[in-house]
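Visitor: Could you take me through one part of this structure up close? I'd like to look at a pocket and what sits around it.

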Amino acid sequence: MAIAVFYSIGTGIGGVLAPSLFGILIASKSPFSLSMGYLLGASLMVISGIVEIFLGVKAEKKSLEDVARPLTAEDIESYNKEPVNYNNEEAN
């Protein structure tokens with residue numbers, strides 16, 4: 001769910017800002033402005049690559065469950081514990 005939320009926010013922002021920014025750069029008729037726009041996009045890609053190097057997870061050819069534990073999963077250890085007796089009575 002978190003992946004979908006962040007992806008939709010990023011796509012929404014990029015889908016609105018990128019065409020507007022590109023239109024402004026083209027309308028300026030300045031090769032320098034256009035090259036700075038491309039440099040901005042390239043630098044954002046480089047920064048995201050560096051972030052992936054440090055925070056990324058090896059996930060190729062793995063299912064999502066192998067990469068991260070599902071939020072609804074229960075610990076297997078909880079099944080191996082003795083039930084808690086709150087009444088201080090001996091269990092039968």
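Guide: Sure, and one bit of vocabulary before we go in: Ala, Val, Leu, Ile, Met, Phe, Trp, Tyr, Cys and Pro count as nonpolar, Asp, Glu, Lys and Arg as charged, and the others, Gly among them, as polar. Keep in mind, too, that this is a predicted model.

Let's go to the second largest pocket, which has a volume of about 230 Å³. Around it you'll find A18, L21, F22, L25, L34, G37, Y38, L40, G41, L44 and M45. Sort that lining by type and you get nine nonpolar residues, two polar and no charged. Since Gly counts as polar, G37 and G41 in the lining go in the polar group, and Y38 in the lining goes with the nonpolar residues because Tyr is put there.

Where does the lining come from? Helix 1 (2–28) and helix 2 (31–55) each give at least two residues to it. Helix 2 has the largest share, with seven residues.

Now follow helix 2 out to the surface. A nonpolar patch there is made of L21, L40, L44, V46, I47, I50, V51, I53, F54 and L55, and together they have about 1,000 Å² of accessible area. Helix 2 again supplies the largest share, this time nine residues. Notice that L21, L40 and L44 belong to the patch and also turn up in the pocket lining. Take I50 as one member of the patch: it lies in helix 2 and counts as partly exposed because its relative accessible area is 44%, between the 20% and 50% cut-offs.

The loops at either end of helix 2 are worth a glance as well. Most residues other than glycine have a negative phi. K29, in the loop between helix 1 and helix 2, has a positive phi of about 55 degrees. K29 is exposed, with a relative accessible area of 75%. On the other side, K61 is in the loop between helix 2 and helix 3 (64–67), and its phi is positive too, near 60 degrees. K61 counts as exposed, at 88% relative accessibility.

Finally, step back to the whole chain. Its elements run α-α-α-α from the N terminus on, which makes four helices and zero strands. Of the 92 residues, 2% count as buried. The chain exposes about 8,800 Å², with carbon and sulfur atoms supplying 67% of that.

Notes. Residues are numbered from 1 along each chain as its sequence is written. This is a predicted model: local features need pLDDT of at least 70, side-chain atom pairs count only at pLDDT 80 or more; totals for chains, interfaces and linings use all residues. Side-chain values use heavy atoms; hydrogens and water are left out. On a 1 Å grid over the protein atoms alone, a cavity is a set of points where a 1.4 Å probe fits but cannot get out, and a pocket is an open set with protein on both sides within 12 Å along at least five of seven lines; lining residues have an atom within 4 Å of a point. Grid points are joined across faces, edges and corners, and a volume is the space filled by probe spheres set on the points. Patches are made of residues with over 30% relative accessible area and no salt bridge: like charges are joined within 9 Å, nonpolar side chains (Val, Leu, Ile, Met, Phe, Trp, Tyr) within 5 Å. Accessible areas come from the Shrake-Rupley method with a 1.4 Å probe; for residues, only the protein chains shown count as cover. A salt bridge is a side-chain nitrogen of Lys or Arg within 4 Å of a carboxyl oxygen of Asp or Glu. Buried means under 20% relative accessible area, exposed over 50%, partly exposed in between (1.4 Å probe, protein chains only).
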